[in-house]
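User: I should like to learn how to read the features of a structural model, one at a time. Please begin once the model is displayed.

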Amino acid sequence: MTDRKKSAKSKAWRPRTQMIRGGLERSGFDETSEAMYLTSGYVYDKAEEAQAAFKEEIDRFVYSRFGNPTVSMFEERMALLEGAEACRGTATGMAAVFSSLMCQLKTGDHVVAARALFGSCQYVITEILPRFGIEITIVDGTDLEQWKEALSKDTRAVFLETPSNPTLEIIDIKAVADLAHNAGAKLIVDNVFATPILQHPLELGADIVIYSATKHIDGQGRCMGGAVLGTAEFCNDTLKPFVRHTGPALSPFNAWVMLKGLETLELRVEAQSRNTLELATYLSGLEGVTKVIYPGLASHPQHELAMKQMGSGSTLVSFELECRDGEDGKEAAFRFQNALELIDISNNLGDTKSLITHPATTTHQRIEPEERARMGIGESLVRLSVGLEDVDDLKEDMAQALKTG
Ligand SMILES: *Cc1c(COP(=O)(O)O)cnc(C)c1O
């Protein structure tokens with residue numbers, strides 16, 4: 001077998017090439033596409049080989065909770081794309097978030113996190129970590145003074161997402177990375193909304209990047225998956241023992257779907273981002289829409305930082321709806337969503353199909369109304385994940401939904 005992946009040249013391929021070929025390891029059958037190894041275990045020629053494998057004297061697959069050839073192709077491709085030394089695939093994005101935190105934390109540690117987070121990340125940080133005696137400080141991620149104060153004492157880990165869900169706040173990754181490092185902390189960035197195409201947190205000083213591969217990486221509504229990326233030291237010495245023994249392993253089938261997703265990731269993210277900018281501009285002038293939040297618009301309070309950090313506004317736009325007589329915000333949002341004929345009501349995102357959700361009654365319903373208000377999640381706010389459809393059909397659907405309903 002000619003193993004071109006291991007040639008020195010393949011490491012130097014540009015990201016666009018890595019997305020198609022990175023990590024490809026062909027079997028003896030010389031197949032074109034990545035092979036799907038649906039196996040839970042592996043066999044040994046001799047008992048001595050099993051013993052050597054468990055002693056880690058030889059490098060080979062022993063059990064798919066520890067590693068699997070299809071999963072490892074996905075991990076290698078992700079690492080090459082992200083410019084990370086190592087990657088660990090996980091069953092879901094939340095498994096990536098939880099493992100990246102719990103593998104390194106212990107009782108007495110201090111964690112600082114931004115307030116605007118994906119609902120489950122918020123739950124893990126504010127509800128689960130304190131149960132283990134981990135001290136939590138929550139800050140407004142856009143306010144560097146709050147980060148400075150929170151990071152004035154020893155801290156183990158810092159967690160943020162940018163753009164945030166669903167208010168699309170932008171956090172200055174480089175500035176927070178510097179503050180985190182001064183406090184002795186590792187910065188973990190949830191890069192789901194920006195995708196590996198638009199934003200490169202490791203280049204900006206982050207230590208660990210996590211993904212829900214369920215979102216843009218699959219991007220076609222099929223499989224759950226996640227990834228944690230970082231240094232070889234972190235992934236091998238801290239993360240690997242934790243995930244091997246606690247079991248958030250990525251299924252080989254899902255890893256194969258994600259490998260295929262990566263091949264078209266850039267094309268999809270760029271086209272979806274173009275659609276989103278066009279829709280956000282359109283929505284800004286539409287009667288019945290009172291506020292549009294999109295980092296790609298000059299009206300966004302952190303537009304400049306977004307352009308510097310991401311180069312585009314991403315594939316999500318959030319907006320608030322005007323209430324009609326006697327209607328409250330939730331009723332306005334429900335009326336609008338129920339009148340849509342093309343765009344689906346769904347809490348997923350990053351899909352080729354445009355999906356809309358009402359955060360206050362779905363992803364963020366668990367949060368107290370006052371805290372939601374503090375997070376900027378109004379009752380009439382909807383979050384639209386823009387897909388690959390013809391943007392004129394999306395515009396027409398929104399216009400008719402605003403008029404009728
Ligand atoms: C979806 C999502 C997650 C969790 O990923 P799952 O694959 O659903 O477990 C974490 N963070 C962000 C920002 C997300 O959008």
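**Reading the sheet, the ligand site and the backbone**

Analyst: Five strands form an open sheet of mixed pairing, in the order 8-9-12-11-10. Its edge strands, each pairing on one side only, are strand 8 (289–293) and strand 10 (344–345). Helices (H or I, at least four residues) and strands (E, at least two) are DSSP runs numbered from the N terminus, and two strands pair if DSSP finds at least two bridges between them. This is a predicted model, in which local features need pLDDT of at least 70 and side-chain atom pairs count only at pLDDT 80 or more, while totals for chains, interfaces and linings use all residues. Residues are numbered from 1 along each chain as its sequence is written, and side-chain values use heavy atoms, with hydrogens and water left out.

User: In which sense do strand 11 and strand 12 pair?

Analyst: Strands of a sheet pair through backbone hydrogen bonds, either parallel or antiparallel. Here strand 11 (residues 355–357) and strand 12 (residues 381–385) are antiparallel, over three bridges. L355 stands opposite S385 in strand 12.

User: Which residues surround the ligand most closely?

Analyst: A residue is near a molecule if one of its heavy atoms lies within 4 Å of it. The ligand is surrounded by 15 residues, the closest being M94, D190, S212, T214 and K215. By class, this shell has seven nonpolar, five polar and three charged residues; Ala, Val, Leu, Ile, Met, Phe, Trp, Tyr, Cys and Pro count as nonpolar, Asp, Glu, Lys and Arg as charged, and the others, Gly among them, as polar.

User: Which ligand atoms do the polar side-chain atoms of D190, S212 and T214 approach?

Analyst: A polar contact is a pair of N or O atoms within 3.5 Å. D190 places a polar side-chain atom 2.6 Å from a nitrogen atom of the ligand. For S212, the partner is an oxygen atom of the ligand at 2.7 Å; for T214, a polar side-chain atom likewise lies 2.7 Å from a ligand oxygen atom. Of the 380 Å² of accessible area that the ligand has on its own, the protein covers 94% (Shrake-Rupley method, 1.4 Å probe). Helix 5 (93–102) and helix 10 (214–218) are the elements that give two or more residues to the shell.

User: Where are the peptide bonds cis, and which residues other than glycine have a positive phi?

Analyst: Most residues other than glycine have a negative phi, and most peptide bonds are trans. The bond from T162 to P163 is cis, with omega near -5 degrees, and so is the bond from N165 to P166, also with omega near -5 degrees. P163 is found in the loop between strand 4 (157–161) and helix 8 (173–182), as is P166. D30 has a positive phi of about 55 degrees and lies in the loop between helix 2 (15–21) and helix 3 (47–54). T195, with a positive phi of about 70 degrees, lies in helix 9 (residues 195–198).

Technical notes: Polar contact = N/O pair within 3.5 Å; in protein donor to acceptor, adjacent residues only side chain to side chain.
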